[in-house]
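The following paragraphs explain how ring pairs, charged pairs and one helix are arranged in the structure displayed here. Please keep the sequence and the coordinates in view while reading.

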Amino acid sequence: AMAANISSTDWMETVPDDTRLSKMSIPGTHDSCTQYVDMRYIFQCQDASVATQLIYGYRYLDMRLVLEQKHDQQTLVLKHNIARCKTSNSPFAGTLTLDDVLRDVYAFLVAHPTETIILCMKAENSKDDVADVQSALYERIDTNPDRWYLKNEIPTLGEVRGKIVLLRRFRLAGNSVSGHTWGLDLTEWDDKAKAHSDSTTMCLVQDARGFEETDDAGTKEPYCTKVYAQDKYKLSGTDKLIWVDNALKKTTELTRGNVDVEDADGAKVQVQERCWSINYTSCTGLSHGGNPFTSARVVNEHLYKSPYINPSGIEDTKSDYLKHIGIIASDFVDAALARSIYQRLSLIHI
């Protein structure tokens, strides 16, 4: 049964090693670094720091990176659109850098080695040279490579405990770095999500199949990775609810069939699809006189009542509600919302 005292800092501990991340319910945050940000009314999406979000149990973080020149060196800083994320609320506060965030993430993983943290990296400024963003990020990863999982495949939890799983929403300058695809490739996210106007379906932002090197000896294994996203954000909290609900429903209905993957010689290998779902509950609310905060109050309240998040009473018998619900990325989060999402996993293992 459900361990009532499951710890928010180590909740993955009880999850079996062979569980794919795509078969888990993972709490996450949208625009994770905006606790202190310029033009707060429009751009603030969180009131907890990344370090606090991790303690609450959030394991998916949404990072918006912009290149900045500092002392003849390219550094990556966090922004939300044009607004700068800051290290504190002081008017003299410095800009929050990726190094600041990684320091907190590494420290958390050292202290809690059973956990994994998913970092979704987006290049927030379209004028930035993607090759420069890539090399600046790669330099960061290179200082601590054992802490990163960089395949275009959805790992099992056992493969990534104590590590960061990279999701990449910007194009690579080259095809790959030293034979690796360099993170889960979500480069089509923005274009696909923009074109997606049907609230009853999830948006397929990646459908990739191929072979990935599994070790230094060059052994290659076939894979098929599908990532679905719901990220409609130019609407009010009330209008957002149907998108969130339908995405929850669709996630529980995802089937994982077998598909053919063709190798270099044209031979076909059968492999099972891995389908991951990322459901953004955030929205701007600006077109309706609101902002991310007023919208989040509506949406988060609704999430607590959703039978997909808190199955209760007669609904417990509905097997749909007890399935995993993927990654849920929200604004203005607290510990209770995280708990209601990650606790579902224990229900499934009953």
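Which residues do ring pairs link into a cluster? The cluster consists of Tyr60, Trp189 and Tyr280. Before its geometry is described, the basis of the values should be stated. The model is predicted, and local features need pLDDT of at least 70, side-chain atom pairs count only at pLDDT 80 or more, and totals for chains, interfaces and linings use all residues. Residues are numbered from 1 along each chain as its sequence is written, and side-chain values use heavy atoms, with hydrogens and water left out.

Aromatic pairs come first. Rings of Phe, Tyr and Trp (for Trp, its six-membered ring) pair if their centres lie within 6.5 Å; planes under 30 degrees apart count as stacked, over 60 as edge-to-face and the rest as tilted. Searching the whole structure gives seven aromatic pairs. One of them joins Phe170 and Trp182, with 6.4 Å from centre to centre and 70° between the planes, an edge-to-face arrangement. Both residues lie in the loop between strand S7 (164-168) and strand S8 (184-185), 12 residues apart; helices (H or I, at least four residues) and strands (E, at least two) are DSSP runs, numbered from the N terminus. Phe170 is buried at a relative accessible area of 4%, and Trp182 is buried at 1%, where buried means under 20% relative accessible area, exposed over 50%, and partly exposed in between (1.4 Å probe, protein chains only).

Within the cluster, the rings of Trp189 and Tyr280 have centres 5.5 Å apart and planes at 90°, so this pair is edge-to-face. The contact links distant parts of the chain, since Trp189 belongs to helix H6 (residues 189-195) and Tyr280 to strand S13 (residues 274-280), 91 residues apart. Trp189 is buried at 1% relative accessibility, and Tyr280 is buried at 0%.

Charged side chains provide a further set of contacts. A salt bridge is a side-chain nitrogen of Lys or Arg within 4 Å of a carboxyl oxygen of Asp or Glu, and the structure holds 19 of them. Asp190, in helix H6, meets Arg169, in the loop between S7 and S8, 21 residues apart; the N to O distance of this salt bridge is 2.6 Å. Asp190 is partly exposed at 30%, whereas Arg169 is buried at 7%. Shared partners also join salt bridges into one network comprising Asp31, Asp62, Arg64, Lys122 and Glu124.

Another salt bridge connects Asp38 and Lys86, whose closest N and O atoms are 3.6 Å apart. Asp38 lies in the loop between strand S1 (25-29) and helix H1 (40-43), and Lys86 in the loop between strand S4 (83-84) and helix H3 (98-111), 48 residues apart. Asp38 is partly exposed at 23%, while Lys86 is buried at 11%.

Helix H3 itself completes the account. H3 has 14 residues and spans 20 Å from its first C-alpha to its last, close to the expected 20 Å at 1.5 Å a residue; the expected span is 1.5 Å times one less than the number of residues. Its buried residues are Leu98, Val101, Leu102, Val105, Tyr106, Phe108 and Leu109. These cover an arc of only 160° around the axis, so they lie on the same side of H3; the arc is that of the directions from the helix axis to the C-beta atoms. On the other side of H3, Arg103, Val110 and Ala111 are exposed.
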